[in-house]
Amino acid sequence: MKKEEVPDQEELKDKTVATVTVKGNTDTPDLSDLSGEGTKPVEEVVETNKVYTYVEQMPSLPGGGGMGAIVSAIQKNVRYPAVDLRNQVEGKVFASFTVDENGDISDVKIVKGISSTIDAETIRSIKALPKFIPGKQNGRSVKVSFTVPVTYKIQ
């Protein structure tokens, strides 16, 4: 292995650094005239229809309280279907929904259900939630997707 010695300041005093100007790559576009024609401001380029699963500021209900408050609000809205009460149907339903930039709920779906009547009641209960405070990413309101567990237990 070749060891290269670094010269000290005294050795470099009378040396010439460079006498030839080196030309760079000449086939690059000329950026001296950036009039702005044909370009969009950065704000417009951001994807507006992307749905996030986690953002800097998650959507919340007007009273606050995070995910726990959302689940309990859904459970407060639920009316246990009579047929499922008679048949002693219990368990957890996993539902997903999206809170858009305005705080409205959309795309309510059952990810894992128990029975068609309980699944329908869970969807109705989620759609009955009040308007959310929208989630924010980089200071902008964005769509955020949630998946929540709703427990059905006969008291």
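Is Tyr152 buried or exposed? Hold on to that one for a minute while I set the scene.

Okay, so what we have here is a predicted model, where local features need pLDDT of at least 70, side-chain atom pairs count only at pLDDT 80 or more, and totals for chains, interfaces and linings use all residues. Residues are numbered from 1 along each chain as its sequence is written, and side-chain values use heavy atoms, with hydrogens and water left out.

Let's start with the overall layout. The chain has 5 helices and 5 strands. Walking along from the N terminus, you meet them in the order α-α-β-α-α-β-β-α-β-β. Those elements are DSSP runs numbered from the N terminus: helices are H or I with at least four residues, and strands are E with at least two.

Next, the surface. The chain exposes about 11500 Å², and carbon and sulfur atoms supply 52% of that. The areas come from the Shrake-Rupley method with a 1.4 Å probe, and for residues only the protein chains shown count as cover. Of the 155 residues in the chain, 26% are buried. Buried means under 20% relative accessible area, exposed means over 50%, and partly exposed is in between, with a 1.4 Å probe and protein chains only.

So, back to my opening question: Tyr152 is buried, with a relative accessible area of 2%. And it has a partner. A search of the whole structure finds 4 aromatic pairs, and one of them is Tyr80 with Tyr152, edge-to-face, at 5.5 Å centre to centre and 85 degrees between the planes. Here's the rule: rings of Phe, Tyr and Trp (its six-membered ring) pair if their centres lie within 6.5 Å, and planes under 30 degrees apart count as stacked, over 60 as edge-to-face and the rest as tilted. Tyr80 sits in the loop between α3 (66-77) and α4 (82-86), while Tyr152 belongs to strand β5 (residues 140-152), so this pair ties together parts that are 72 residues apart in sequence.

Now for a second pair. Phe97 and Phe146 have ring centres 5.4 Å apart and planes at 25 degrees, so they count as stacked. This pair also links distant parts of the chain, with Phe97 in strand β2 (residues 91-99) and Phe146 in strand β5, 49 residues apart. Phe97 is buried at 0% relative accessible area, and Phe146 is buried too, at 4%. Add Phe132, and ring pairs link Phe97, Phe132 and Phe146 into a cluster.

How do the strands line up? Two strands pair if DSSP finds at least two bridges between them. β5 runs antiparallel to β2, and 9 bridges join them; Ser96, for instance, has Thr147 in β5 as its bridge partner. β5 also pairs with strand β1 (residues 51-52), in the parallel sense over 2 bridges, and there Val51 stands opposite Lys143. Then there's β4, which pairs with β5 in the antiparallel sense over 3 bridges.

β4 and β5 form a hairpin with 2 residues between them, and Asn138 in the turn has a positive phi of about 55 degrees. What's the usual sign? Most residues other than glycine have a negative phi. Asn138 is exposed, with a relative accessible area of 59%. Gln88 also has a positive phi, near 55 degrees, and you'll find Gln88 in the loop between α4 and β2. Gln88 counts as exposed, at 56% relative accessibility.

Last stop, the inside. Which residues touch the most other members of the largest nonpolar core? Of its 24 residues, those are Ile70, Ile74, Phe97, Ile126, Phe132 and Val148. A nonpolar core is a set of buried Ala, Val, Leu, Ile, Met, Phe, Trp, Tyr and Cys residues joined through side-chain atoms within 4.5 Å. α3, β2, α5 and β5 each supply at least two residues of this core, and β5 gives the most, with 6 residues. In soluble globular proteins, nonpolar side chains tend to be buried together.

Take Ile126: leaving out residues up to four places away in sequence, its contacts are Ile74, Ala95, Phe97, Ile105 and Val108. Contact here means heavy atoms within 4.5 Å. Ser125 is in helix α5 (residues 116-127), and Ser125 is buried at 0% relative accessibility. With the same sequence neighbours left out, up to four places away, Ser125 touches Ile74, Asn77 and Val78.

That's my tour, thanks for listening!
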